[in-house]
Protein chains: 2
Amino acid sequence: MDNPSQLGALEAARLIKAGELTSEVLVRSCLARIEARDNDVGAWAALDPDRAIAEARARDSESPRSLLHGIPFGVKDIIDAEGYRTAMGSPIYENATPMLNDAASVALAKDAGMVVLGKTVTTEFALRTAGKTRNPHRLSHSPGGSSSGSAAAVADFQVPLAIGTQTGGSVIRPSSYCGVVGFKPTFGRIPRAGVKSVSESLDTVGVMARNVSDAAAFASILEGVPILELSNAQVRPRFAFAKTPAWDALSPAAHKAGRDAIEKARAAGASVVEIDLPPAFRDALEAQTRIQTYEATRSLAFELRMRPDQVSKGLKDYIVAGLEMQRSSYDEARNIQAGCRAALWPLLADFGALLTPAAPGEAPGNPSDTGSPVANAIWTMTGAPVVGVPGLMGPENLPIGVQVIGPSGRGAATLSHALWLSGVLSK
Amino acid sequence: MDNPSQLGALEAARLIKAGELTSEVLVRSCLARIEARDNDVGAWAALDPDRAIAEARARDSESPRSLLHGIPFGVKDIIDAEGYRTAMGSPIYENATPMLNDAASVALAKDAGMVVLGKTVTTEFALRTAGKTRNPHRLSHSPGGSSSGSAAAVADFQVPLAIGTQTGGSVIRPSSYCGVVGFKPTFGRIPRAGVKSVSESLDTVGVMARNVSDAAAFASILEGVPILELSNAQVRPRFAFAKTPAWDALSPAAHKAGRDAIEKARAAGASVVEIDLPPAFRDALEAQTRIQTYEATRSLAFELRMRPDQVSKGLKDYIVAGLEMQRSSYDEARNIQAGCRAALWPLLADFGALLTPAAPGEAPGNPSDTGSPVANAIWTMTGAPVVGVPGLMGPENLPIGVQVIGPSGRGAATLSHALWLSGVLSK
């Protein structure tokens, strides 16, 4: 096998189980790819090749513990992993002590026989100032954020899987820009212990992968549930399509991606029905911003109040509104959130999933502009499972994704619809 | 002033503002009290007198930043504070590196001019194995848990305020056993960033104090909102009283405490109406256990899976059910939680607050038995604000408390009712 780093995660694990590949060879192949590409792409905040190889060897000496035994993964650098500092894209933590423990999600992955390859670049506290990462499809462009390194590393075949987090659009948008699958499970499914807290009502751990089945398997492990094995054999897909309150803020390229996805889905036999979002969603975007800023000014109290000189002006400006916000205004926003959550189940009762553009357009032509969460923030707020599906290209010949959204708790059905759509879009 | 450590927090801060006391003198007085009592009570997991005195001096050189400027507080040892390790009552972390940062709540308190006195003893991960702390009212007895040291230190005049956390009953129960005020604000009000995550749907940060006004002021600071100043001048208190599903699991002493509180409240002019809890609450206790165990086995994945030899057998046995629980069973429990939350508002529409016993009885006569959360777990699950009110004594002449519960978001009204009741019970 010339380039094991090109393999998907489940595929590589099957070869490891069959004795045709080892975790060590796979990890070395990923490290070689990183070596060749890191100066350009800059997806990694920290690497420790010796540690990764030692972990891989230990896994090679065991019987497989799971369907992803021996598979390396990247960890967004706001998430703790033993032996690495958690630098959070901030000068406050750039020289922090290496962690003595793993985040819960990382421990669940290790316990399933998986191997930490390293820490991936995040924007400052997963909120603002961009890191060094470039879009692997065009180095002059942004990979998106805040899970910049996770998306870029997976897209560039440097690692088959990575963990990200989404508070606004930080899993699905970079996945769209980088042309990979992003999966944000239902709110609360993947434990957040050991993840830097920004906005407790919104922060959601998710995954990036190069295919939907890999994302589903990885997320199952991180959720601590039996691995979900998806099948293409299912009922005829029934999609709803909605122009969300964000529609006018999306580019023509995003509008076209939405229309192309509908057209291809219909041509392949799916039903796609355009629906209107109920009134609960009218103020959803603004409410998401209110919740995020109110909570972030409190969750980041140490950094903002004890280390203000080391917080970027951009971040301070971004969340300053939260300092002055009345709690009644925050409570109102939380009520809007609850209303949107409640409205999603009946809205999707007759459909398998909702389909919308995954990002405002193709990747911005400025690596320090990680883009707007406008296409994603409503769905993060509902807590709904969302899968970003790649396969389409925009007018600048860069990837552009659509997202498939299900009601909370219906991740498996949502992933099945995403798997079906992924097959259709990549044809 | 002979013993500033005897002062309440707001009272001491007024004296500091007036120039009649300094933060340093107050901190030294608390440290002297600890010196005299620590061998017996054992409330502290870690102390750093030089650091506390240096912080106090720095505050003495400034104009007051808040109504609690210069006041020392204890921090439960599952919560990060700069310069202290977070040992979590576990051998896994007993030699951990001192933290370089504060939890958000600790930073908010410091930013208001408050001073960290030290870390207070917690049970293992705020769940099981008891620490070294004894009940200051009778050293042969338990202080309760898991916020054992916070309750004991406040009760014993070693510090006027302390931070605790409650997942089942870990703020209100030890407050009852130790005869102090406990306040668990509405779920999500005090940020959890920097607090060890055990159960994301239940973990709630709260406070201990020796009077209700102090608790209200401290919680306001930790919530990042303007300080709530309570007044006794209010409408006639209207309490509901309910025999919860836990009633039969409470001791005759707890039943009597409930009846005594009702009698005294009525005698002082309150209306108290006995109501039945709606059917949503029937399975609430069992649902709380299911949510806690399902989430704790995942949140503690690093400790349980990577360091199993250093986790107590008691803790493993306690949460083992979470490992095998089907997600559908967890989802059902979360639905019960949502049902109870929704039912509390209409239930209390005609009342100011609900009144019930705060603990199963007086403190257990075994320091390693921190007691059962059976009186508290339902209310933690609803996310409702709860104030533990001391003032009554049980048949063994140990403190026994009642709790005052309001609907979510109505902390101020709940505290006002608690303040009124506190005045009545301590007469």
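Biologist: By what turn and what shift can chain A be laid on chain B?

Modeller: A turn of 180 degrees and a shift of 0.0 Å along the axis lay chain A on chain B with an RMSD of 0.0 Å. That is the relation of a two-fold axis. The superposition is by least squares on the C-alpha atoms of residues with pLDDT of at least 70 in both copies. Please note that this is a predicted model, in which local features need pLDDT of at least 70 and side-chain atom pairs count only at pLDDT 80 or more, while totals for chains, interfaces and linings use all residues. Residues are numbered from 1 along each chain as its sequence is written, and chains are lettered from A and ligands numbered from 1 in the order in which they are written.

Biologist: Which residue of chain A comes closest to the rotation axis?

Modeller: That is A:T97, whose C-alpha lies 4.0 Å from the axis.

Biologist: And how many residues of the two chains are in contact?

Modeller: In chain A, 28 residues are in contact with 28 residues of chain B. Two residues are in contact if their C-beta atoms, placed from the backbone, lie within 7 Å. The elements giving two or more residues to the chain A side are α4 (104–111), α9 (284–299), α10 (301–306) and α12 (327–347). The largest share, 5 residues, comes from α4(A). Helices here are DSSP runs (H or I, at least four residues), strands likewise (E, at least two), and both are numbered from the N terminus.

Biologist: What classes of residue does the chain A side have?

Modeller: It has 11 nonpolar, 8 polar and 9 charged residues. Ala, Val, Leu, Ile, Met, Phe, Trp, Tyr, Cys and Pro count as nonpolar, Asp, Glu, Lys and Arg as charged, and the others, Gly among them, as polar.

Biologist: Why can one say that the copies meet through the same surface?

Modeller: Because 100% of the interface residues of chain A are also interface residues in chain B.

Biologist: Turning to α4 in chain B, how many of its residues are buried?

Modeller: Of the 8 residues of α4(B) (residues 104–111), 7 are buried, so the helix is largely enclosed by the rest of the structure. They are B:A104, B:S105, B:V106, B:A107, B:L108, B:A109 and B:K110. A residue is buried if 20 or more other C-beta atoms lie within 10 Å of its own, exposed if 12 or fewer, and partly exposed in between, with C-beta atoms placed from the backbone. Just after α4(B), B:G113 takes a positive phi of about 90 degrees.

Biologist: What is B:R59 in contact with, apart from its sequence neighbours?

Modeller: Leaving aside neighbours within four places in sequence, B:R59 is in contact with B:S23, B:H69, B:G70, B:G113 and B:V115. B:R59 lies in helix α3 (residues 49–60) of chain B and is buried, with 23 other C-beta atoms within 10 Å.

Biologist: New topic: at what angle do α7 and α14 of chain B pack?

Modeller: Helix α7 (residues 212–223) and helix α14 (residues 411–425) of chain B pack at about 160 degrees, with their axes 9 Å apart. Axes are lines fitted to C-alpha atoms, for helices over the stretch in contact, and angles run from 0 to 180 degrees between N-to-C directions. The two helices are therefore roughly antiparallel; that word applies to angles over 145 degrees, with under 35 counted as roughly parallel, 65 to 115 as roughly perpendicular and the rest as oblique.

Biologist: Which residues meet there?

Modeller: B:V212, B:S213 and B:A216 of α7(B) meet B:L415, B:A418, B:L419 and B:S422 of α14(B). They divide into 5 nonpolar, 2 polar and no charged.

Biologist: Where is the cis peptide bond in chain A?

Modeller: The bond from A:G145 to A:S146 is cis, with omega near 5 degrees. A:S146 is found in the loop between β3 (115–120) and α5 (148–155) of chain A. In chain B, the bond from B:G145 to B:S146 is cis, also with omega near 5 degrees.

Biologist: And A:N397, is that residue buried or exposed?

Modeller: A:N397 is exposed, with 9 other C-beta atoms within 10 Å. The residue sits in the loop between β10 (386–393) and β11 (399–405) of chain A, and has a positive phi of about 65 degrees although it is not a glycine. Most residues other than glycine have a negative phi.
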